[in-house]
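Student: Could we go through this model and set each descriptive term against its definition?

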Amino acid sequence: TADGDETFDELYNAAEELGIDIHSLRDKTGRSVFYACPTTSISYLEKLKKDFDRERDIELVGVRSSLFHFFFPEHLNPIPSTVRTCDGLVSPLFLVGQIKVKSTKDSNSEVRAAYLLIERGADPSVSMKGKGPWFLWMLQGLLKGWSRNRTQTELDTLLASVRGRIDANRASIYLQRDDKEREEEGVNVNLTQASLRQWVASLRAESVEGERNIWRQAFEFLLAEGGQVYPENRQSSHVLLNELTLQHPEVTRMMLQRGADPSVADAKGRNALARVIGGNGRCLQKVGVCNALLGVGPDTQSRDPDELKTLWEERDAEGKSAVDVLPSLFIESFSSDELLRLTESLLDSNVEITPTTAELVATALQRDFDRLPIDLYFSVRNRLTDIVHEGAMR
């Protein structure tokens with residue numbers, strides 16, 4: 001405000017008369033007194049900046065975009081990998097945040113300051129403790145005040161700025177929340193895996209569809225940049241060994257379309273179907289993920305009975321198969337069209353199931369059966385009843 005400018009101007013003049021170097025003054029956090037300067041007036045800051053120090057005062061860029069070309073002049077090459085702030089050493093990309101600046105000192109067009117720094121060599125793959133990977137942190141900022149068309153345009157610009165420059169497999173600090181809602185940091189993930197975690201989190205939280213699509217596009221972009229979902233084995237067939245790929249059917253379907261093989265076993269000898277049914281407690285849509293693995297439903301490739309039989313009956317190191325842990329799925333899940341179609345697939349695969357399991361499945365499907373496709377429901381129920389009766393006759 002004009003009054004604020006005048007007050008600060010008076011403070012500056014008074015300090016000068018008293019012989020106080022106002023540029024050396026710091027608040028208790030170590031920030032420059034100019035951090036509190038209320039003005040964004042370029043002419044006002046031009047008058048003051050003659051005594052700014054490019055190292056000491058650089059964090060002013062984060063709140064005074066008009067100072068960007070002073071602290072990062074076009075001839076500055078290379079861009080420093082870190083700059084010193086009161087919070088310690090940080091990447092310039094985190095320092096400038098979301099601010100927009102003139103594309104050149106004398107230009108009238110504006111761009112994100114971060115993109116100018118990337119063009120001049122700043123590393124878009126960096127992470128920072130407390131904020132995570134810059135790429136995801138930047139995208140989270142763009143999603144605030146989400147607007148479909150504007151955010152899509154912002155995403156396209158962000159991706160264009162880092163294409164060919166970002167290391168999709170760089171180890172990163174990823175911020176996540178545990179069940180007690182405490183922030184925890186994990187460093188054993190690469191940027192692509194961190195992006196996948198963000199997409200899965202948006203799906204689990206049932207975020208706005210456009211927001212989910214933004215996170216999906218970011219993840220697909222990093223895959224196109226060479227990102228690895230399961231670095232321990234870079235073959236596309238092994239990506240389902242990353243448990244995140246089995247936490248939502250949309251993610252599972254994408255991985256299958258990219259060549260994932262659900263029969264690949266983990267260290268305990270369990271294929272993907274057995275892992276989903278018998279474990280993976282963070283999966284809230286087990287039935288949907290199972291159907292994706294079995295080739296049931298939209299956007300999935302159907303499987304022949306022999307493939308299905310193998311997935312159901314293949315035994316792990318303890319001698320257990322997906323069929324053996326099947327009851328837990330029907331105990332946990334609500335009766336639904338998806339559950340009915342999973343049962344149909346199970347019966348079509350000619351897998352041998354016990355009368356006890358058949359009776360449990362029939363009972364589970366009977367709950368809210370009036371919401372199910374009636375013809376399919378009675379067809380499946382009759383087949384299950386036959387298994388129960390055959391068992392009783394033995």
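Helix packing and confidence

Tutor: The chain has an average pLDDT of 85, and 87% of the residues score at least 70; pLDDT is the predictor's confidence in each residue, from 0 to 100. This is a predicted model, in which local features need pLDDT of at least 70 and side-chain atom pairs count only at pLDDT 80 or more, whereas totals for chains, interfaces and linings use all residues. Residues are numbered from 1 along each chain as its sequence is written, and side-chain values use heavy atoms, without hydrogens and water.

Student: Why are helix 8 and helix 9 called roughly antiparallel?

Tutor: The axes of helix 8 (residues 191–204) and helix 9 (residues 209–224) cross at roughly 160° and come within 9 Å. Angles over 145 degrees count as roughly antiparallel and those under 35 as roughly parallel, so helix 8 and helix 9 are roughly antiparallel.

Student: What makes Trp199 in helix 8 part of a contact with helix 9?

Tutor: Contact means heavy atoms within 4.5 Å. Trp199 is among the helix 8 residues that meet helix 9, whose residues there include Trp215 and Phe219. By class, this contact of helix 8 with helix 9 has nine nonpolar, four polar and two charged residues.

Student: Why are helix 10 and helix 12 described as roughly parallel?

Tutor: Helix 10 (residues 249–257) and helix 12 (residues 286–294) pack at about 15°, with axes 8 Å apart. By the angle criterion, helix 10 and helix 12 are therefore roughly parallel.

Student: Where does pLDDT stay under 50?

Tutor: It does so over residues 177–187. Where pLDDT is low, the predicted coordinates should not be read in detail.

Key:
Axes are lines fitted to C-alpha atoms, for helices over the stretch in contact, and angles run from 0 to 180 degrees between N-to-C directions. Helices (H or I, at least four residues) and strands (E, at least two) are DSSP runs, numbered from the N terminus. Angles under 35 degrees count as roughly parallel, over 145 as roughly antiparallel, 65 to 115 as roughly perpendicular and the rest as oblique. Ala, Val, Leu, Ile, Met, Phe, Trp, Tyr, Cys and Pro count as nonpolar, Asp, Glu, Lys and Arg as charged, and the others, Gly among them, as polar.
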